[in-house]
Amino acid sequence: MNGWRGASPTARLLLVAVLLTGLTTFMFLPLLAIELTAQGIPAGRTGFLVGLLAFSSQAFSLLSGLLVDRLGPRRVMAAGFLLRIAGYVLLGLGGAARPAPLVAGIVAVGVGGSMLGLSTKTLLVSQEGSDPRTMLALRSTFVNIGVVVGPALGALVYPLGFRYILAACVLSHLVLGIGLVSGRTAAAVPGRTTAKATATAAAAKATGPGAGPGAGPGAAPGTEPDAAAGRPGDVTRWTLLRHWAPLAALGVAYWAIYSQLNVLLPIAANELTGSTAAISVVFTANGLLVVLFQYTLLSRVFRRATARTLLALGFLAFACAYAVLIPLAGWYSLLAFVLPVTLAEMLIGPSLDEQAVNAAALRRTGLALGTMSAAGALGSLLGSSLGGRLLQATRGGSLAWVLLVGCSLAAAAICLLLPKVRTRHA
């Protein structure tokens, strides 16, 4: 991949960290519920503990972003590695008879994951010589390698014992933490001179003292007030609202729609095909397509397209994906669903982060990415809750898919409210 060859040594190290933490995470995550149940923990409590892991990661994302901007991504990354290592150790010590270390371990793994994810993402989009779109596409590719390969590795190791998987997680995080935090990423922290910093500084100089994004504590991220308006504060707040209100709404919409792959689709796939393995086919094909085509799609095919255009195309792909399920045509509908839903995932996920980075003020990249993660947490919660009720109300009919097509088209229309900002190519 040209993006990998052109990446800085720091960026490559960060991407290797994304790959290895993804592998060990997905070795551990799919087997957590099985291990907890095998320890004699009731199914209801097991579901709560697995949900607590996701909640701990998502709910902490906004604070993680603030910490990245305040303390610097390197320090937050170090804290994330330490928390995850401690969490895996506590999980090994906990169990049905010792619930306190079990709960503490789950929370530590979740919060540590949030801190790691946002700090590495912030460092990647701040790399000199690479535009954010390229780094986000590469990151998504490496994450999905972990999604595809991690569960298979976990299945191979699990017969030896769950603690071997936890030991692999501890060892990988310890080695990566020492390598990344020992000083090799020091030059990559936000605040250095970047193309974005230079452009923003020039704009601030051109509009006069106090007119730039750093004009005061209430300055909006990524905005350049019109000096002719005479009221920079009002223009800044309006630009902030114009950019972030639809962007946050799209973040919620994306995860609410995407969460149906975990709520509605597994049940529908079983009903459509009569096979419990059908949903595994969907997820495996989805992961492989992302690994093979994510980088090429964003860095070459749609290199000149704005993030706004990619978001609109992504939500239209969502509409097509759910539309092919309306006829309820068994395996034909399910297999036809895979390509457009994967296209939607590849276009929307990185483009939301890219749009947030473009809208962020200097030294506010962590907060911008944390805001998008928080919007995703809200969307996942809403999508999971409403998806279950929708399934009950429609009783397995096509109405659920019709409603999801409508939601996808509405989100595509919201994309037109975003400012037309071109990606910054290195």
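## A buried glycine in helix α7

Gly-150 counts as buried, with a relative accessibility of 0%. In this predicted model, Gly-150 belongs to helix α7, which spans residues 132-157. Apart from neighbours within four places in sequence, the contacts of Gly-150 are Leu-23, Phe-26, Met-27 and Ile-145.

Gly-150 is also paired in space with Gly-22: the two are 128 residues apart in sequence, yet their C-alpha atoms are 7.3 Å apart. Leu-23, a contact of Gly-150, is among the 28 residues of a nonpolar core that is described below.

## Overall composition

The protein chain contains 16 helices and zero strands. Of its 426 residues, 49% count as buried.

Contacts across long stretches of sequence are prominent in the count: among contacts between residues at least 6 apart in sequence, 81% join residues at least 24 apart. The pair Gly-150 and Gly-22, at 128 residues of separation, illustrates proximity in space across such a stretch, with 7.3 Å from C-alpha to C-alpha.

## Nonpolar cores

The largest nonpolar core comprises 45 residues, and Phe-315, Phe-318 and Tyr-322 are those with the most contacts inside it. Two or more residues of this core come from each of α10 (232-258), α11 (264-273), α12 (278-301), α13 (307-323), α14 (331-359), α15 (365-394) and α16 (399-415). Helix α14 supplies the largest share, nine residues.

Phe-315 touches Leu-250, Ala-253, Tyr-254, Ile-257, Ile-348, Ser-408, Ala-411, Ala-412 and Cys-415, when residues up to four places away in sequence are not counted. Apart from this core lies another, of 28 residues, which includes Leu-23, Leu-124, Leu-310 and Met-346. As a general background, nonpolar side chains tend to be buried together in soluble globular proteins.

## Helices packed against α6

Three helices are described here by their packing on α6. Helix α5 (residues 73-93) packs against helix α6 (residues 99-125) at an angle of about 155°, and their axes are 7 Å apart. Because angles over 145 degrees count as roughly antiparallel, α5 is roughly antiparallel to α6. The crossing of α5 and α6 is left-handed, and the contact between them has 20 nonpolar, seven polar and one charged residues.

Helix α2 (residues 9-38) and α6 also cross at roughly 155°, with axes that come within 11 Å. α2 and α6 are therefore roughly antiparallel to each other, and their crossing is left-handed. On the α2 side the contact is made by Ala-11, Leu-14, Leu-15, Phe-28 and Leu-36, and on the α6 side by Leu-102, Val-109, Thr-120, Leu-123 and Leu-124. By class, the residues of this contact are nine nonpolar, one polar and no charged.

## The oblique partner, α4

Helix α4 (residues 61-71) crosses α6 at roughly 45°, and the two axes come within 9 Å. That angle makes α4 oblique to α6. The crossing of α4 and α6 is right-handed.

In α4, the residues Ser-61, Ser-64, Gly-65, Leu-67 and Val-68 meet Ser-114, Met-115, Leu-118, Ser-119 and Thr-122 in α6. The contact of α4 with α6 divides into four nonpolar, six polar and no charged residues.

## Two positions along α12

Which residues does Val-290 contact beyond its neighbours within four places in sequence? Val-290, which is found in helix α12, is in contact with Ser-140, Thr-141, Asn-144, Thr-342, Glu-345 and Met-346. Met-346 is one of the residues of the 28-residue core. Val-290 counts as buried, at 1% relative accessibility. The C-alpha atoms of Val-290 and Glu-345 are separated by 8.3 Å, although these residues are 55 residues apart along the chain.

Phe-283 is likewise placed in helix α12. With a relative accessible area of 32%, Phe-283 is partly exposed. Leaving aside neighbours within four places in sequence, the contacts of Phe-283 are Leu-261 and Asn-262. Phe-283 and Val-338 are 55 residues apart in sequence, and their C-alpha atoms are 8.5 Å apart in space.

How values were computed. Residues numbered from 1 in each chain as written. Predicted model: local features only at pLDDT ≥ 70, side-chain atom pairs only at ≥ 80, totals over all residues. Heavy atoms only, no water. Axes fitted to C-alpha atoms, helices over the stretch in contact; angles between N-to-C directions. Helix = DSSP H or I, 4+ residues; strand = E, 2+ residues; numbered from the N terminus. Parallel < 35°, antiparallel > 145°, perpendicular 65-115°, else oblique. Left-handed = near helix turned anticlockwise from the far one by under 90°. Nonpolar A, V, L, I, M, F, W, Y, C, P; charged D, E, K, R; others polar. Core = buried A, V, L, I, M, F, W, Y, C linked by side-chain atoms within 4.5 Å. Buried < 20%, exposed > 50% of the residue type's maximum accessible area, 1.4 Å probe, protein only. Contact = heavy atoms within 4.5 Å.
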